[in-house]
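Reader: Please take me through one part of this chain at close range, beginning with a loop and continuing to the elements that deserve a careful description. I should like a connected account rather than a list.

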Amino acid sequence: MENTLGLEIIEVVEQAAIASAKWMGKGEKNTADQVAVEAMRERMNKIHMRGRIVIGEGERDDAPMLYIGEEVGICTQPNAEQVCNPNELIEIDIAVDPCEGTNLVAYGQPGSMAVLAISEKGGLFAAPDFYMKKLAAPPAAKGKVDINKSATENLKILSEALDRSIDELVVVVMKRERHNDLIKEIREAGARVQLIEDGDVGAAISCGFAGTNIHALMGIGAAPEGVISAAALRALGGHFQGQLIYDPAVVKTGLIGESKQANIDRLKSMNINDPDKVYDAHELASGKTILFAGSGITSGDLMQGVRFFKGGARTQSLVISNQSKTARIVDTIHMFDEPKTLQLR
């Protein structure tokens with residue numbers, strides 16, 4: 001799969017990032033998302049694959065493209081019978097977030113990305129459009145920290161696993177009312193808190209790399225993005241756990257269904273009979289082959305954002321594979337016009 005699709009999925013996230021970056025700082029988060037979706041889908045439909053979107057643009061929204069269940073790939077072309085033999089194509093599941101951190105793009109803030117994860121059919125958990133309690137940590141802490149433990153306990157475990165004092169640890173938490181007690185506990189335990197407004201995929205993945213100065217992600221965020229984070233961290237050998245949150249009273253901010261009981265019933269209709277189950281990375285991304293790709297829209301801890309120059313743009317992307325056991329940073333020059341001189345500024 002990596003050999004067949006590796007370069008093409010990089011181009012998918014690159015095109016989404018470039019399209020969205022043109023709206024950076026313009027205060028139009030919906031437009032920044034829409035153009036990313038359109039660009040991602042257009043490039044995806046040129047790939048010789050049989051793809052199915054399992055996580056996409058809003059389970060409950062009437063999304064016109066990249067919606068859950070949509071088929072993507074070369075067979076969707078108008079002349080499909082001329083270019084496509086379905087029986088010869090790779091059949092894969094795809095989780096996408098064409099603009100992870102729409103507010104970050106709209107207001108010119110760091111850390112937004114175009115991201116996706118792919119696996120063979122059935123290899124990604126089709127998470128409902130709910131919230132998820134998450135715990136991400138470095139490979140050294142894998143299987144040692146536990147989402148059922150308190151933040152204080154997990155910080156002690158992290159400290160021992162990383163051979164660092166607690167006051168050297170940095171925990172990323174989304175700035176939300178629901179996290180006030182969590183933030184207080186982390187600080188009282190002696191660790192430092194890095195608050196983010198949006199975009200916890202990048203924060204989770206940063207836990208898998210040494211030198212990012214991010215040692216854990218804690219708190220509640222969107223469930224679909226949790227699956228994408230889990231895929232990347234599984235490929236990196238890092239720790240990820242997620243537990244679906246179905247009670248609106250816990251979330252406090254944002255929409256999460258009509259009621260707690262209605263959400264439980266909805267989970268049962270999706271064959272999720274244990275709503276409180278804690279999933280690890282291997283359950284959320286269970287496929288034999290896992291590929292993650294992300295391209296920076298605005299610059300963050302992992303990647304630089306899109307930089308435009310006369311006649312083109314420069315992107316930086318991250319591709320992670322459990323097949324080749326690699327994490328590659330890909331720096332690409334995109335030439336929109338016939339270049340007179342290749343500019344690397």
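Author: Leu66 lies in the loop between β1 (49-55) and β2 (71-72). The model is a predicted one, and the remarks that follow should be read in that light. Although Leu66 is not a glycine, it has a positive phi of about 55°. Is Leu66 buried or exposed? Its relative accessible area is 0%, so Leu66 counts as buried.

A useful counterpart is Lys325, in the loop between β13 and β14. Here, too, a residue other than glycine takes a positive phi, near 55°. The surroundings of Lys325 are another matter: with a relative accessible area of 72%, Lys325 is exposed. The loop in question belongs to a hairpin of β13 and β14, with 4 residues between the two strands.

This leads to β13 itself, which spans residues 312-321 and is mostly covered, 10 of its 10 residues being buried. In a regular strand, side chains alternate between the two faces of the sheet. In β13, one direction is taken by Gly312, Arg314, Gln316, Leu318 and Ile320, while Ala313, Thr315, Ser317, Val319 and Ser321 point the other way. Both sets are buried.

Which strands pair with β13? Strand β14 (residues 326-335) is joined to β13 by 10 bridges and runs antiparallel to it. Within that pairing, Thr315 stands opposite Thr332 of β14. Strand β11 (residues 290-296) also pairs with β13 in the antiparallel sense, here over 5 bridges. In that case Ala293 has Val319 of β13 as its bridge partner. Strand β12 (residues 307-309) is antiparallel to β13 as well, with 3 bridges between them. Across this pairing, Arg307 stands opposite Arg314 in β13. A hairpin is formed by β12 and β13, with 2 residues between the strands. In its turn, Gly311 has a positive phi of about 90°.

A further sheet deserves description. It is open, has 6 strands in the order β7-β6-β8-β5-β9-β10, and its pairing is mixed. The edges are occupied by β7 (192-196) and β10 (278-280), each of which has a single partner strand, so one side of each lacks a neighbour in the sheet. On average, neighbouring strands of this sheet are turned by 20° against each other, direction ignored. At the β7 edge, β6 and β7 pair in the parallel sense over 5 bridges. One of the bridges places Met174 with Ile196 of β7 as its partner.

Several strands of this sheet also help to cover a helix. Helix α5 (residues 151-162) has 12 residues and reaches 16 Å from its first C-alpha to its last, close to the 16 Å expected at 1.5 Å a residue. Its buried residues are Ala151, Asn154, Leu155, Ile157, Leu158 and Ser159. What covers the buried residues of α5? The cover includes the strands β5 (131-137), β6 (170-174) and β8 (216-222), together with helix α6 (180-189). Just after α5, Asp163 takes a positive phi of about 55°.

The relation between α5 and α6 can be stated more fully. The geometry of two packed helices is described by the angle between their axes and by the distance between those axes. For α5 and α6, the axes come within 9 Å and cross at roughly 40°. The two helices are therefore oblique to each other. The crossing of α5 past α6 is right-handed. From α5, the contact is made by Ala151, Thr152 and Leu155, and from α6 by Leu182, Glu185, Ile186 and Ala189. Of these, Ala151 and Leu155 are also among the buried residues of α5.

A final site is Gly202, which lies in helix α7 (residues 200-206). Is Gly202 buried or exposed? Its relative accessible area is 11%, so Gly202 is buried. Apart from neighbours within four places in sequence, Gly202 is in contact with Glu100, Met113 and Leu302. The C-alpha atoms of Gly202 and Ser229 are separated by 8.0 Å, although these residues stand 27 residues apart along the chain.

Technical notes: Residues numbered from 1 in each chain as written. Predicted model: local features only at pLDDT ≥ 70, side-chain atom pairs only at ≥ 80, totals over all residues. Heavy atoms only, no water. Expected span 1.5 Å × (residues − 1). Buried < 20%, exposed > 50% of the residue type's maximum accessible area, 1.4 Å probe, protein only. Contact = heavy atoms within 4.5 Å. Pairing = 2+ DSSP bridges. Axes fitted to C-alpha atoms, helices over the stretch in contact; angles between N-to-C directions. Parallel < 35°, antiparallel > 145°, perpendicular 65-115°, else oblique. Left-handed = near helix turned anticlockwise from the far one by under 90°.
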